[in-house]
Amino acid sequence: MRIPLCALCVLCGFSNVLADPLDTFGFDARGKAMGNAMTAGTSGIGSAFYNPAGAALAPAPEIGLGYSYAAMLLSINDRDARVSSSRGLSLGAALPSRCGSACTFAVGLAFYLPDQFIARIQTIPVSEPRFVLLDNDVDRIVINPTLALRLGPIAVGAGVTLFSDAAGNGIDFTVGGRGGMQVGEAKLDVALPSRAAPLLGLLWTPRTDLRVGASFRGQLDLRLRLDIIAHVDIPGGGDTVISIRALNFYTPRKLSLGVAWDPTDRITLAADASYYNWADFSGGVPDLRVLVDLQIAPALLQGTFPADRLHDTMTLRAGGEWRRALAPDRMAALRAGLAYEPSPVPDQVLLTSLADNDRFVVSLGAGLQLARIAGFLDKPLALDAALEWHALIGRTAQKLDPALPSFSSAGSIVHLALTATASF
Amino acid sequence: MRRAPLLLFMLPACGFLGESDFAGARQAAGSAPWTNLGAATLCQGSTFFGPPDSDPVGICIPQSARPGRLCLSDAACRSRERCVCGTCTVQICDGPAQCGSGNGRDCNFRTNVCGLPCSAQQGCPGQDVCDRGFCTSACLQDRDCQTGETCSPTHRCISAFCHTTSECIGGIQDCQIQRNPGDLREPALLDDPLLLFVELRPTVSTGQIVRAQSGDGGRSFSIDPAAPVLAPTAAERRLGAPAVARRGTTLLLFFEEPDGIGRALSSDNGRTFQRDPAPVVRADQAWEAGLVGSPGAAVLGDQTVLLFYEGGGGAGIGLATSQDGASFIKPSARPVVDAIAISDPTLWRQIDRVGQPAARRALDPVGREGVSLWFAAHGVESAATLESGMLVPPVANNSIGYAASLDRGRTFAPFPFNPVFDRIENFRQHDQESTPTVAPVGDRFLMLYGGADPQGHATGLGIAVNPAP
């Protein structure tokens, strides 16, 4: 193998993608309808996402299956940004087991599977505007297995959120002539090693009508490390190495604090504050290096890009639920929620054009809990529906350099979710 | 009621219907990056123009062949045909850039026609078969083939490239010329509707301005009317380098004439022009060195006309303004863009000529009025290379740059990664691009440019788009 004579770093910027689909829309229909203010209010299938400790508060084993769809009505420069709809299947489980009079051990799972993609990475030039959080990030798989333990009024939980890298020795191919024969060989070695970030949760129930919760999620991302090596085995040929290093689906550290209060038997009110550590993110622009040995020697060309400069954000959420018994074996619930989600993306005055907006989220929902369905299911079944409306506050990025295109971004998102939860 | 839970659990399966691989709109600003689409097609009747130093070329057609069907785009034609100047036929080519971009076609250098490449893995559409790397169809007679093809003795539809009828089968076929040489210079686009004004040089030192319109969003243009819309008088040899702008209901056409930059007005969308008796801009500044030309015009919201021009044979780009569109003043004795302003120590170096401006009024999302300026400059983008142990310097070439102004064209900020359009032949050699003109077409910007090879031989007009298709 020849040694490349020099390296050419190609100035080629792409904006990539950030965050987690469940951060954007929540997990189960009940949580979504309550504005995702569920750090303290969760106690069932959503707990592996909202607060791992919540699984230990589930009154019985629960398994839930849901489906959600989001219409992304987003625009850039008053034109449809054609952001693909986000839709997928969610599967949640909370399986508690008594370990004493005041002790419960539980296993939880939150699983989200987009139905178009396991994960999608799209790249466009970094100077072209795109919705950096709402474009690709809502299209990735999420797997959160958790464990929980309740001892009296305190419940703790821990788990991991799983993802993978895209790495390996890359693609290696040889073309040319050898010993009078035409040769074409290719080797492929691409791996998807798993990555994990910790999930921690705490729930304190000082009174039967009050719960206080805290949860923490570590940072996670997909690191793309791919090398493509081409050997041109002919006189005058040479080697080319294309090396791509990129960070995608960056999911920041999150610390949430919440409280849930039941002022009456029929009403639950909840509020959350979540802190997202976006400022630690760097690497919004992938690094693409091309090493060339074609028996010529182009000089080194180094591209430089401004730092991402994302800033930390604090999201506030509130929600409520009103329940009413329709019959001895039927209960209905109405839910509503409100959230304010500030954007971590700074004003785009330099080269990059990352579009993102502060959002108000208004949510509504309803649920029906059946003690049994005669002849079909002899266990309780809950059917929940939720509607979220995300209103993006219009934003204009005015570049300092008039030669760089300024842009505006606005729009809304309509998200629908259905969840069926069976208890055993 | 019993089935409702079952239906609910089956509902998620509906989502697995899939979605196209790529979503997301690319946002065009007309700055960068530009994607080359290959040669622009300018038709004169049933033929189109090729490079000025090329030969007339065509295809052998059976004398009994029926004419191809009329068309507006390739979609109206059969699998191997393209819509060539309003008629479906196989298209001749002698370079890959002539078969368009993004349509899957490539030049078949064995037959010199644009064809659909095929292989064992990549089949052909419909009943077509793969024959030596390109799609064709089996036939028993000529009428089984598509327009421009004949049935070969091996029962395959083939095309025969020709320059004259003597190269075709005598008494049976004629050479139907598709492409004639044409010396086209300095195109000028106007949008809404999309029109092209371009200098056509019938001989080396003469020039006239023709008008063309497009029915396919700028992929091809047809000269209309057939006669030049502006031709030199008996005392002149050349009028050229048109620039056009719409001011109210009037089209303003600026052009090079012997004593400076002239002006003509049209009230019928450019079909006829009334020419002013004297130039509106003359070379009267020291930096212009007696030469002004290659105008580019933009009309601001208050109807002020900004006329940019090349001065001093590539010394820079100057500005003349007019409140009434008729009398022009030069607000500065210096160029608004020159080589120093656009040079970059890494990306664009040793610039020794800058000019050929094209300008458009632009509004940014906050409503600020600006001016976008595209221009050509001659400089170096690559580094010296080591070839067979010898250091070979890079070759200077013409490329397209971009700058923008927020003060009505008085000062410009260059794009930080100029040039915005530069075709690279290899690490050292670059094809050349000059005389840009830009217009919005749908949700993209279309650029027409004058192309040349690294040695400077003109290759005709080319098309590029921003953003990429």
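Cys99(B) is buried, since its relative accessibility comes out at 0%, and in this predicted model the residue is tied up in a disulfide with Cys114(B), the two sulfur atoms sitting 2.1 Å apart. The torsion about that S-S bond is -85°, which makes the link left-handed. Cys99(B) belongs to the loop between β6 and β7 (106-108) of chain B, while Cys114(B) is found in strand β8 (residues 113-115), so the bond ties together parts of the chain that are 15 residues apart in sequence. The partner is tucked away as well: Cys114(B) has a relative accessible area of 2% and therefore counts as buried.

Chain B has another disulfide worth a look, between Cys77(B) and Cys88(B), with an S to S distance of 2.1 Å. Here the torsion is about -80°, so this bond is also left-handed. The pair bridges distant parts of the chain, eleven residues apart: Cys77(B) comes from the loop between β4 (57-62) and β5 (82-84), and Cys88(B) from strand β6 (residues 87-89). Both Cys77(B) and Cys88(B) are buried.

Over in chain A, Cys99(A) pairs with Cys103(A), and the S to S distance given by the model is 1.7 Å. With a torsion of about -80° around the S-S bond, this disulfide is left-handed too. Its two ends differ in their surroundings: Cys99(A) is partly exposed because its relative accessibility is 41%, whereas Cys103(A), at 12%, counts as buried. Across all chains, the search of the whole structure turns up twelve disulfides.

Moving on to charged side chains, Glu236(B) is placed in the loop between β18 (220-223) and β19 (240-247) of chain B. Despite being in a loop, Glu236(B) has a relative accessibility of 17%, so this residue counts as buried. Its side chain makes a polar contact of 2.6 Å with the side chain of Arg275(B). Leaving aside residues up to four places away in sequence, Glu236(B) touches Pro258(B) and Arg275(B).

Salt bridges number 35 over all chains. One of them, in chain A, joins Arg207(A) to Asp209(A), with 2.9 Å between the closest N and O atoms. Arg207(A) is partly exposed, given its relative accessibility of 45%.

A further salt bridge connects Arg253(A) with Asp280(A), the closest N and O atoms being 2.7 Å apart. This one reaches across 27 residues of sequence, from Arg253(A) in strand β17 (residues 253-264) to Asp280(A) in the loop between β18 (267-277) and β19 (287-293) of chain A. Both ends are partly exposed: Arg253(A) has a relative accessible area of 30%, and Asp280(A) comes in at 44%.

Arg395(A) and Asp347(A) also form a salt bridge, their closest N and O atoms 3.2 Å apart. Again, distant parts of the chain are linked, 48 residues apart: Arg395(A) is in strand β24 (residues 381-397), and Asp347(A) is in the loop between β21 (330-341) and β22 (354-355). With a relative accessibility of 22%, Arg395(A) counts as partly exposed. Some salt bridges go beyond simple pairs, as shared partners join Arg30(A), Glu321(A), Arg323(A), Arg335(A) and Asp384(A) into one network.

Note on methods
Residues numbered from 1 in each chain as written. Chains lettered and ligands numbered in written order. Predicted model: local features only at pLDDT ≥ 70, side-chain atom pairs only at ≥ 80, totals over all residues. Heavy atoms only, no water. Disulfide = S-S within 2.5 Å. Buried < 20%, exposed > 50% of the residue type's maximum accessible area, 1.4 Å probe, protein only. Helix = DSSP H or I, 4+ residues; strand = E, 2+ residues; numbered from the N terminus. Polar contact = N/O pair within 3.5 Å; in protein donor to acceptor, adjacent residues only side chain to side chain. Contact = heavy atoms within 4.5 Å. Salt bridge = Lys/Arg side-chain N within 4 Å of Asp/Glu carboxyl O.
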